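Trainee: I am new to this structure and would like a close look at a single part. Please take the place where the two chains touch, and set it in its surroundings.

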Protein chains: 2
Amino acid sequence: MSSLAAFSTPREDRRFEDYRAGEVYEFPETASVSEEDIVRFAREFDPQYFHTDPAAAAGSPYKGLIASGAHTVALTFRMYVKNVLPGKASFGSPGMDEVRWLKPLRPGDTLRIRATILETRPSRARADRGTIGVFVETINQDGEVIMSYKATNIIAKRPESVR
Amino acid sequence: MSSLAAFSTPREDRRFEDYRAGEVYEFPETASVSEEDIVRFAREFDPQYFHTDPAAAAGSPYKGLIASGAHTVALTFRMYVKNVLPGKASFGSPGMDEVRWLKPLRPGDTLRIRATILETRPSRARADRGTIGVFVETINQDGEVIMSYKATNIIAKRPESVR
């Protein structure tokens, strides 16, 4: 754990300059899902039988109920937004790449995230902001990476560094 | 619209062989979101002020409340699962690529999807299935593509084509 970085600025004060390529962050916050959570999300957004029907899911290739990949993305976003992104200084995201669902998310699992800053790039067009590229891993209670993706976020610079 | 394809098999009977590279599908099904939907999803999964607080969002770069990108993904999954994927013959997805949030999703917007089959590839390791690559576009009521991504899905073959 000694190789992990920690943000020196609290979330609300964090700006583009606080992100440095190569730093790896983990956080104490976790997200857990119950069977009910998984079924509720999937009935609304991803009604495939292995996400919505525990009995039928037992006969699926997954041998049991698994969460929608969109649910894993959403839970990961929650942890990412609250721990990695700044508050008012976040200008949103143009996209994400290489989303990989590596292992199923099952009822009772507890997730955490690891965020590795891949790059930081000041905007050429707008002096008040920059883009960060982040490799995000979602990890279960057994230490298995169940999902990963590359996120891109646009973050405001500190006023004193804008010219 | 004459260039659009239509599946010849209903969803429950659809198999890997029913997908052909180059075909473009659109569907009558739509998804709409209210301000309440956007705020509810974002409070649970993406608590950034421009997703959760209409008044504060008015002062954001987006000049109003916009939906979480994860919400747009989830709504798109719903339409994709119900219109493009088969039922029991779906073996899930290893991932998606090049997710791009091109325009905001705002309260009152109505979405539909366009799915273009990019490739179909029989599995080398498992004779009973194949992989399809699909370019998915999420389109608003003004005909603007607000999100796109490339999806990968694993689909069972028809029994008679397995050997």
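Mentor: What follows goes from one chain to the contact between the chains, and then to a neighbouring topic, the strands late in chain B.

The model is predicted. Chain A holds 4 helices and 6 strands. Their order along the sequence is β-β-α-α-α-α-β-β-β-β, with the helices placed between two strands and the remaining four. Along the principal axes, the C-alpha atoms of chain A occupy a box of roughly 60 × 35 × 25 Å. Of the 163 residues in chain A, 36% are buried. Taking contacts in chain A between residues at least 6 apart in sequence, 68% link residues at least 24 apart.

Now the two copies. A turn of 180° with a shift of 0.0 Å along the axis lays chain B on chain A, and the RMSD is 0.0 Å. This relation is therefore that of a two-fold axis. The residue of chain B that comes closest to the rotation axis is Asp97(B), whose C-alpha is at 2.5 Å. The two copies use the same surface, since 100% of the contact residues of chain B recur in chain A.

How many residues of chain B are in contact with chain A? There are 28 residues of chain B in contact, and they meet 28 residues of chain A. On the side of chain B that touches chain A, two elements give two or more residues: helix 4 (69-83) and strand 3 (95-101) of chain B. Helix 4 of chain B supplies the largest share of that side, 9 residues. Sorted by class, the side of chain B that touches chain A has 15 nonpolar, 7 charged and 6 polar residues.

Strand 3 takes part through pairing across the chains. Strand 3 (residues 95-101) of chain A and strand 3 of chain B run antiparallel and are joined by 4 bridges. One of the pairs sets Met96(A) against its bridge partner Val99(B) in strand 3 of chain B.

The nonpolar residues can be followed in a similar way. In soluble globular proteins, nonpolar side chains tend to be buried together. The largest nonpolar core here has 78 residues, and Ala74(A), Tyr80(A), Ala74(B) and Tyr80(B) have the most contacts inside it. Leaving aside residues up to four places away in sequence, Ala74(A) touches Ala74(B), Ala70(B) and Phe45(B).

That leaves the strands late in chain B. Strand 4 (residues 110-122) of chain B pairs with strand 5 of chain B in the antiparallel sense over 10 bridges. These two strands of chain B form a hairpin, with 6 residues between them. Within the pairing, Arg112(B) stands opposite Ile139(B) of strand 5. Strand 5 of chain B also pairs with strand 6 (residues 145-156) of chain B, again antiparallel, over 11 bridges. There, Ile132(B) has Asn153(B) in strand 6 as its bridge partner. The hairpin of strands 5 and 6 of chain B has 5 residues between the strands, and Gly143(B) takes a positive phi near 80° in this hairpin.

In a regular strand the side chains alternate between the two faces of the sheet. Strand 5 (residues 129-139) of chain B has a covered face made of Gly130(B), Ile132(B), Val134(B), Val136(B) and Thr138(B). Its uncovered face includes Arg129(B), Phe135(B) and Ile139(B).

Note on methods. Residues numbered from 1 in each chain as written. Chains lettered and ligands numbered in written order. Predicted model: local features only at pLDDT ≥ 70, side-chain atom pairs only at ≥ 80, totals over all residues. Buried ≥ 20, exposed ≤ 12 C-beta atoms within 10 Å, placed from the backbone. Contact = placed C-beta atoms within 7 Å. Pairing = 2+ DSSP bridges. Least-squares fit on C-alpha atoms with pLDDT ≥ 70 in both. Nonpolar A, V, L, I, M, F, W, Y, C, P; charged D, E, K, R; others polar. Core = buried A, V, L, I, M, F, W, Y, C linked by C-beta atoms within 7 Å.
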